[in-house]
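Please look over the structure below. A short report on its cores, strands and chains follows.

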Amino acid sequence: MSATEETVKDIIVKIVHCDREVLTPTATFQDMKADSLDMVQVLVALEDEFGIEIPDEDAQKFQNFGDFITYVDAKVAEKGNA
Amino acid sequence: MDKQPVVVTGMGVICPLGLNVKEFWAGLAAGKSGINYITCFDASNYQVKVAGEVNGFDPTKFMDIKTVERTRRPTHFAMAVVQEAMESARLDMSQEQAERVGVVTTNMLECELIAEGWETLQKRGPRKVDPLFFTKSSPSVISLHIGMFLGAKGPNTSVNSLCASGADAIGTALNFIRLGYADVMIAGGSDASLGAMTVAAIGRLGALSPEPDPDKACRPFDLNRNGFIYGEGAGLVILETYEHAKRRGAPILAELAGAGWTYDAHNITAPHPDAEAIAMRTALQNAGVKPEEVDYINAHGTSTKLNDISETNAIKMAFGDRAYRIPISSSKSMFGHLITAGGAVESIGVVLTIMNGIIPPTIHYETPDPECDLDYVPNVARPAEVNVCLKDSFGLGGQNCCLVFKRFKGE
């Protein structure tokens, strides 16, 4: 389990108040019982935590928890290479 | 207009004297003070040192955690208080026609949320602004959450007349019932605006007491009064037509017999007795009550130099010589000024006064003021049969609302 994954879990659990165990890679927003406002808050928290920017058009493609991890890892790597 | 009796069947309170009606009344009847040193912000460089804070309140007992995080303290208070009020009225929404149950509340400007939001916008840009900024700071927020929680689909609105707001909300709700829009109204206010910004601003205005000793603050109608004490809290009443209350076998606590409104049109910070007196007389007329029938006045009684003289003069104008024979007391002496919620919480004190036959005192009263020479029920509660009570509420800026509560004596 990557450090990114743990941090993203921390953020989602704090904002969405879902059980940590729910957050498997295939867990959807419905599984998390998250609504659109939760997601807006999660995205802002991720941006702040990782020092990245997540444009709305990218965020709209997220389907499940795994997508967050993949996206954040890629953004953080991109930032490191820049 | 059909003036069928409108009765109070339920009440809920949170204030510096306690977290429910029982604790509230125990404090009022004992002449207890809920004022203490300010802890909700660092007041070390403020002239004002004491306030009426609500301590030991846990909103998660009344709302799920996500709703707690998405709302502010006034909504937290209101959600707790509405549950107490509904329980005491034994009002079961599953038995009610949802469109016939409405809500009128009031709350104060969310100064600090607005300041924080602006700072975020300036420092971090529009993408970082809280998407709930609007719903958290809107003056309609309490009515929305109460209506949502209860599934009450009747009239749902909010009023504001600053310090008169709580009474204003109750009077407005009375009119919704009288005009036929609802059978049941939930009405009152919730205010948690006590904070660094508001105390600084009202302090600059010179309206707050600099009294450093919580055992001496505040002193309405006393010669040495020097301003009001900022407080926080919430009060809601359940109002319904007598017919509706009777049909469902509800507890009838008192009758809300009338309301009267006026505006000073005088000065943005100084009160004027003329319009206050007319508000009193209008409320009595609206209630079908003669001035000589009033046996208790629950004063606005802020403890500012100007309010207490103006109110005293207004009572004399409205009641003539009889003003000297009516017991008058200020509950603010015990829990401070709850701003927009004050008139609602104090109205609940009035209903309890009628129910219990005890007039709560004006505490901290030591030195009579020649300009405030009426009977202010100093320091000790007074047993008395109270059948008709006038509740005064005067908003900063000159908006006045008075209510008349009566012991309910049947049809």
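Which residues touch the most other members of the largest nonpolar core? They are Met185(B) and Leu239(B), in a core of 123 residues. A nonpolar core is a set of buried Ala, Val, Leu, Ile, Met, Phe, Trp, Tyr and Cys residues joined through C-beta atoms within 7 Å. Buried means that 20 or more other C-beta atoms lie within 10 Å of a residue's own; exposed means 12 or fewer, and partly exposed is in between, with C-beta atoms placed from the backbone. Helix H3 (residues 73-89) of chain B gives this core its largest share, nine residues. Another core, of 14 residues, lies apart from it. Val8(A), Val42(A), Leu46(A) and Val72(A) are among its members.

This is a predicted model: local features need pLDDT of at least 70, side-chain atom pairs count only at pLDDT 80 or more, and totals for chains, interfaces and linings use all residues. Residues are numbered from 1 along each chain as its sequence is written, while chains are lettered from A and ligands numbered from 1 in the order in which they are written.

Now to Leu239(B) itself. Leaving aside neighbours within four places in sequence, its contacts include Val6(B), Val8(B), Ala173(B) and Met185(B). A contact means C-beta atoms, placed from the backbone, within 7 Å.

Strand S1 (residues 6-14) of chain B comes next. Nine of its nine residues are buried, so S1(B) is largely enclosed by the rest of the structure. Helices (H or I, at least four residues) and strands (E, at least two) are DSSP runs, numbered from the N terminus. Strands pair if DSSP finds at least two bridges between them. The table lists the partners of S1(B).

| Partner strand | Sense | Bridges | Opposite Val8(B) |
|---|---|---|---|
| S7(B), residues 233-241 | antiparallel | eight | Leu239(B) |
| S8(B), residues 254-263 | antiparallel | two | Ala254(B) |

Chain A has five helices and zero strands. Its radius of gyration is 12 Å, close to the 12 Å that the globule rule gives for 82 residues, so chain A is as compact as a globular protein of that length. The radius is taken over C-alpha atoms, and the rule is 2.2 Å times the number of residues to the power 0.38. The C-alpha atoms of chain A fill a box of roughly 35 × 25 × 20 Å along the principal axes. Buried residues make up 18% of its 82 residues.

How many residues does each chain bring to the contact between them? Chain B brings five and chain A four.

Notes. Contact = placed C-beta atoms within 7 Å.
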